[in-house]
Amino acid sequence: VRLRGHRMADLSSSAHNRTRDLPWLQKMACRMLRLGPTPNHVAFIMDGNRRYAKKIKAERIVGHRRGYDTLLEVLKWCHHLNVKAVTVYAFALDNFKRSKKEVDSLMELAAQKFSEMLDSEKTISEYGVRVNILGDFSRLPVNLQQKIGRVMQSTRGHSQLTLNIAFAYSSQWEMSEAVDEVARGIANREIETSDVSMELIEKCLYTAGQSEPELMIRTSGESRLSDFMVAQSRRGTWLCFIRPLWPELSFWHFFMVIFGYQRHHHAIASERSQIRTIEKSLTPEAAAALSAALAGLEHSVPPTLASDRKRGGRDDAAVSREGRIRTFLENSRRRKERYLDGLASLIVPNRDTSSGDVVNHQGCNVYTGKYALRKENVYKSEGLEIYRV
């Protein structure tokens, strides 16, 4: 589906004349759309920020700032349509190949915007949005890791709308992390190889517990997924590629996309149902193949654990497969929460650095190593150099 951005330009106010709430005409349009089926989960590939900056003859970072403003507007539109989850592709792992200047600017902008999310007066808190960041945090600057941890920690109790931000993300990386989590569960004797299935791996994805996206929108006219939510969008997600650049996206572009989704909803729902029926018939074979592929992990279990497993075979047999999987998933969730809490408690040096280690000191994560900091900011305790913030 392709829409020409200029056809409704007369109906759309400037993308950057932001107001606290929607104009009355847009509210009426949302009420009309709510009479039909609306998606519970919408995914966006926010493409075109750099081209927008070039179009207005500004620096690239200006395009990215305007793109963030558009994201806030999109959250308002989704809120008025009762959308429960929004996932946006903000920064791909491949984007690290861009120039150092642009990457550094994006990291600084992200740190600034994540800090704004902690402000109760901002849109994120006003609409009860739970923020969930998906990505390889180890590739990010330390101060940004801390802010990500704090944002996710502070919005954990919000339930009106979930905002998934894919940052330093790729679908291949996410699938690899899910498989590693399953392998860790096998090595820790939380689950057995016979418990492994595609369903279990999907429950280890970073969007676990949320519905799959029924609608995925990519701006700027490009017609590809760019390794974004491949696993989550394989069951009949309706893909919509529109021409406006992301900062130029208006309410009326979004309105027409939702209207098109409603027109094709019956066919989309039918296709999703057929795919699920086919998958159910293939589940046993898929589970057997996965179990065979992971069988080699048995050899990585220490001999003492292997002997214990044999002795406790009768006890293990008494535990249902569902019970093992439920316990494993709960332990996995707690591990992730502890990791995020650790990020939120990071003590960050007052200058960015790319070297050093994170250690736990008296229940708090601190940075160690040699930095170009003023001596008055450094003190020693139990052989560690700890930096005041």
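Start by selecting lysine 76: at 5% relative accessibility, this residue counts as buried. Keep in mind as you go that the model is predicted. Now add glutamate 73, which forms a salt bridge with lysine 76, the closest N and O atoms being 3.3 Å apart. Glutamate 73 is buried too, with a relative accessible area of 10%. Show helix α3 (residues 60-80) as a ribbon: the two residues are three apart within this helix, so about one helical turn separates them.

Next, move to aspartate 47 and arginine 51. Their salt bridge brings the closest N and O atoms to 3.0 Å. Which partner is buried, and which is partly exposed? Aspartate 47 is buried, with a relative accessible area of 16%, whereas arginine 51 is partly exposed at 37%.

For the third stop, select glutamate 202 and arginine 235. Here the closest N and O atoms of the salt bridge are 2.9 Å apart. This pair links distant parts of the chain: glutamate 202 sits in helix α8 (residues 198-202), while arginine 235 is in the loop between β5 (215-218) and β6 (238-241), 33 residues apart. Both residues are buried. Extend your selection to Glu212, Arg234, Arg272 and Arg276, and you will have the network that salt bridges with shared partners build together with Glu202 and Arg235. In total, the structure holds 27 salt bridges.

Time to turn to the rings. A search of the whole structure finds 18 aromatic pairs. Select phenylalanine 44 and phenylalanine 254, a tilted pair at 6.1 Å centre to centre with 35° between the planes. Phenylalanine 44 belongs to strand β1 (residues 41-45) and phenylalanine 254 to helix α9 (residues 251-263), so the pair ties together parts that are 210 residues apart in sequence. Phenylalanine 44 is buried, with a relative accessible area of 1%, and phenylalanine 254 is buried at 2%.

Then colour Trp77, Trp246, Phe251, Trp252, Phe255 and Phe259 along with Phe44 and Phe254: ring pairs link these residues into a cluster.

Now select phenylalanine 91 and phenylalanine 96. They make an edge-to-face pair, 5.0 Å centre to centre and 80° between the planes. Phenylalanine 91 counts as buried, at 1% relative accessibility. What lies over the face of phenylalanine 96? Add arginine 139, and you will find it there, 4.4 Å from the ring centre.

For a last stop, pick tyrosine 206 and lysine 336. The lysine lies over the face of the tyrosine, at 4.7 Å from the ring centre.

Terms used. Residues are numbered from 1 along each chain as its sequence is written. This is a predicted model: local features need pLDDT of at least 70, side-chain atom pairs count only at pLDDT 80 or more; totals for chains, interfaces and linings use all residues. Side-chain values use heavy atoms; hydrogens and water are left out. Rings of Phe, Tyr and Trp (its six-membered ring) pair if their centres lie within 6.5 Å; planes under 30 degrees apart count as stacked, over 60 as edge-to-face and the rest as tilted. Helices (H or I, at least four residues) and strands (E, at least two) are DSSP runs, numbered from the N terminus. Buried means under 20% relative accessible area, exposed over 50%, partly exposed in between (1.4 Å probe, protein chains only). A charge sits over a ring if NZ of Lys or CZ of Arg is within 6 Å of the ring centre and within 35 degrees of the ring normal. A salt bridge is a side-chain nitrogen of Lys or Arg within 4 Å of a carboxyl oxygen of Asp or Glu.
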